[in-house]
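Take a look at the structure below. The walk-through starts with one chain and ends where two chains meet.

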Amino acid sequence: MRRVYLDNSATTPVDPRVVEAMMPYLLDKFGNASSVHFFGQEARAAVDRARREVAALVGARQNEIVFLSGGTEANNLAIRGVAESASEHGRHIITSSIEHSAVRGVCDALEKRGWEITRLPVYDEGIVRVEDVRAALRQDTVLITVMLANNEIGTIQPVAEIGALVREARAEGRRHLWLHTDAVQAAGRMPVDVETLGCDLLSLSAHKLNAPKGVGALFVRRSVRLVPQSLGGHQERERRAGTEAVASIVAFGTAAALALEELDARIAHLGARRDRFETGVVERISDIVFNGDRERRLPHLSNISFRFIEGEGLLINLDMQGVAVSTGSACSSGSLEPSPVIRALGRDDELARGSIRFSLGKETTYADIDYVLEVLPRAVENLRRLSPLYQKALADRACQVA
Amino acid sequence: MSYSERFKEHLSNPRNAGEMEDASAVAEQTNPVCGDRLRLSLRVRGGRIERASFLAYGCAPTLACGSVVAEMVEGMTVEEASRLTRQDIVRALDGLPARRQHAAALAIETLRAALEQTMDDRP
């Protein structure tokens, strides 16, 4: 059976060039980067090189990159690290209502411990408004955390404008206000530059960039003080204790270098295939709703709600035909509530439950897209034939015509 | 979350989907927690279920359980069908994940509601 992987926002295949780069560090060059001897120094040199490569991807300095286990840990360290370090200056945090659960979960936990959290709306288009950030700013605000691009609908948030706002506030003497952005989905799919963004902290994950799972990074601007969340070692300039995952870090560095080098080509590749997909879907399937602004979004992602049906049934039907996607329906996420991101757009439960995320990768071909366009309309039609909501809609329409 | 092959097979080839013109009983039940819906139509002649059909909206287990129950009860007497339990539905699907058993419960509730109507119709 043909297999088409359209779930690159969940994870990406590891690039063979990345595998090749990391292999020596699993075999001969196995040293601990903290060791003084030859083996250690060989590993240290590799970690330093990877640090330069990851820093270059986001326009940072080498010593502003902290390696850790992935996006979730990066978000935990950024938000808790700043919140705990700045707590004597204030306990108010501004965030958006569509953050990844790794940000949402940390903010919820801080709220239980007495911090105040303002969650900004994103309106119909799935984008935070800068004037809302300005209006939410208080004397005791210590952190703004707004993602660079959303993981379910791909919308790009105005982080650079928020960064300008923070600089303005700082110029007026606000010395304890920091800006964090979760760039896990954005990196490698749009230009990311910490100076342009004006952010103080930025989270990255390697496995969304064609590198292995289990490694990520946090950019920490030099002026930022963080309370480390793991203790007991001097690694990563005291900001993250624990032996560096040398081979994975090397892989991350190589993937970052490739992503930077190939960025323009990847954006063009993804956008062309995504647009062909969306045009094809519109031609073949009725009663659909695109979720999120269709201009200000990442080039690899398309999120569509199919009316009258639930996402999980569609996901399984597509899976049986070799097509891998993901859904905002509650059941498959293990919760009772459908996607909070789709709900935040003002969509009703039915649309939130019927949402499917198609996320392309640099390996996706036109032939893949054409195959999906062949099986998707049939799968939707088959499920709609079962749906009492669809039967009712058909009956209502027949009445209107008559 | 993993589903059995039989489960997936029901999902891609649902049995007896649709409404029924000459149904003796039609019941529709909604799971109040997640909003899943199941609509079951039965045609009963001489105390035996000649035909059963279903419509379903909701997560995959609700669709699969609807398909299973519509297939299972055809040919059964009303008496036999009323003895079916949630476990019978789960068994017919070669199992359901623990957190998804409520879909089988919805199928049985809907079946019983439909069967009750056929009892009302008895002379």
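The text that follows goes from overall shape to sheet, helix and contact.

This is a predicted model. Start with chain A as a whole. Its secondary structure comes to 15 helices and 13 strands. How compact is chain A for its length? The radius of gyration is 22 Å, and the globule rule gives 21 Å for 402 residues. These values are close, so chain A is as compact as a globular protein of that length. Along the principal axes, the C-alpha atoms of chain A fill a box of roughly 80 × 55 × 35 Å.

Now look inside. Of the 402 residues in chain A, 51% count as buried. Sequence separation adds to the picture. Take the contacts in chain A between residues at least 6 apart in sequence: 72% of them join residues at least 24 apart.

Next comes a sheet. In chain A, 7 strands form an open sheet. Their order is β2-β8-β7-β6-β5-β3-β4, with mixed pairing. Which strands sit at the edges? They are β2 (65-68) and β4 (116-120) of chain A, and each pairs on one side only. On average, neighbouring strands of this sheet are turned by 20° against each other, direction ignored.

Follow the edge strand β2(A) to its partner. That partner is β8 (residues 216-220) of chain A. The two run antiparallel, joined by 4 bridges. One residue pair can be picked out here: Val66(A) has Leu218(A) in β8(A) as its bridge partner.

Turn to the contact between the chains. It takes 18 residues from chain A and 20 residues from chain B. On the chain A side, four helices each supply at least two residues: α10 (311-320), α11 (330-333), α14 (366-386) and α15 (388-401). Which of them gives the largest share? It is α10(A), with 5 residues. By character, the residues on the side of chain A that touches chain B divide into 8 nonpolar, 6 polar and 4 charged.

Stay with α10(A). Is this helix enclosed or open? In α10(A), 8 of the 10 residues are buried, so the helix is largely enclosed by the rest of the structure. The buried residues are Gly311(A), Glu312(A), Gly313(A), Leu314(A), Leu315(A), Ile316(A), Asn317(A) and Leu318(A). Just after the helix α10(A), the backbone offers one more detail: Gly322(A) takes a positive phi of about 85°.

How values were computed: Residues numbered from 1 in each chain as written. Chains lettered and ligands numbered in written order. Predicted model: local features only at pLDDT ≥ 70, side-chain atom pairs only at ≥ 80, totals over all residues. Contact = placed C-beta atoms within 7 Å. Nonpolar A, V, L, I, M, F, W, Y, C, P; charged D, E, K, R; others polar. Buried ≥ 20, exposed ≤ 12 C-beta atoms within 10 Å, placed from the backbone. Rg over C-alpha atoms; globule rule 2.2 N^0.38 Å. Pairing = 2+ DSSP bridges. Axes fitted to C-alpha atoms, helices over the stretch in contact; angles between N-to-C directions.
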